[in-house]
Amino acid sequence: MKGIKKLFAFVLSLALLQIVAIPAHARGTLLYWYCDTDEVAYMPSSINGSYFVYDHSGDEPEDIEFKTYFRNAVTTARNQWNNTLPLNIVETATRFNAKNFIHGGTYDQLKGIFEKLSRYNSGYTNSRPGTRIKTMNPYVIWCFESVGEMCVVERDDRVPDNYTKTALHEMGHLCGWLGHSTQDTDVMYESSSTVTTLTFRDKNQLKQIYDLYY
């Protein structure tokens, strides 16, 4: 009997060690929260990260310059978020194969697509429907149900790093970052800046959600 009790205690201790070793997010809790809102979302595999680029800019020298900055910024954003999340964020050749749409152009060119865009915005992401998946007091997790649209605005007072930061920021919203970071050194902070690399706060806020559902 003593031998059986010892064996049972040993098996139980191994099981407890395995439970402790499981990351907190995998047990249904969240390790990180750097956002000014209590909500977060993710893109299901059915939507994925494919995107089509609409370049609305013209043919003036400054527009041609913006085209280069805009394209480079989107590529940088795609690469950094791809290295963070289990999404296959890729550009499609046609809009028919895309699940998300990225626009670049002036305020006047974009206003008709993004109704809440103001002249002071450097970028914007349209809100989209979602399903409430889970509540982890006080946090709420949503699953996007439709395609997403974001934009990068061409402005005279912007430099290449500004466009990169904007593309990174808006793509974060596209992937599920709702609200903004509370740290002014983060890409997901609300104000414009020249931060061009995702911080651990930018990454972990969303990565923990994708780790739950992917």
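Is Cys35 buried or exposed? In this predicted model, Cys35 turns out to be buried, as its relative accessible area is 9% and anything under 20% counts as buried. Cys175 falls into the buried class too, with a relative accessibility of 1%. As for sulfur bridges, the structure holds zero disulfides.

Cys175 also leads into the interior. The largest nonpolar core has 39 residues, and those touching the most other members are Trp81, Ile102, Met171, Cys175, Leu206 and Tyr210. Plenty of elements chip in here: at least two residues each come from strand 1 (39-42), strand 2 (51-55), helix 2 (61-82), strand 6 (139-144), strand 7 (148-153), helix 4 (160-175) and helix 5 (200-213). A second core, separate from this one, is made of six residues, among them Leu110, Phe114, Cys151 and Val153. In soluble globular proteins, nonpolar side chains tend to be buried together.

Met171 gives a good view of the packing. Setting aside neighbours within four places in sequence, Met171 is in contact with Val74, Ala77, Arg78, Trp81, Ile89, Ile102 and Met150.

Now for the sheets. One is an open sheet of four strands, ordered 2-3-7-4, with mixed pairing. Its edges are taken by strand 2 and strand 4 (123-125), each of which pairs on one side only. From one strand to the next, the twist averages 15°. Strand 2 and strand 3 (residues 100-105) run parallel and are joined by five bridges; within strand 3, His103 stands opposite Tyr54. Two helices lie across strands of this group. Helix 2 crosses strand 2, strand 3 and strand 7, at about 165° to strand 2. Helix 4, for its part, lies across strand 3, strand 4 and strand 7, and its angle to strand 7 is about 165°.

The other open sheet described here has three strands in the order 1-6-5, again with mixed pairing. Strand 1 and strand 5 (130-136) sit at the edges with a single partner strand each, so one side of each has no neighbour in the sheet. Here the twist averages 25° from one strand to the next. Strand 1 runs parallel to strand 6, and four bridges join the pair. Across from Glu39 stands Val140, in strand 6. Helix 5 packs on this sheet and touches strand 1, strand 5 and strand 6, with its direction at about 55° to that of strand 1.

Key:
Residues numbered from 1 in each chain as written. Predicted model: local features only at pLDDT ≥ 70, side-chain atom pairs only at ≥ 80, totals over all residues. Heavy atoms only, no water. Core = buried A, V, L, I, M, F, W, Y, C linked by side-chain atoms within 4.5 Å. Buried < 20%, exposed > 50% of the residue type's maximum accessible area, 1.4 Å probe, protein only. Contact = heavy atoms within 4.5 Å. Pairing = 2+ DSSP bridges. Axes fitted to C-alpha atoms, helices over the stretch in contact; angles between N-to-C directions. Disulfide = S-S within 2.5 Å.
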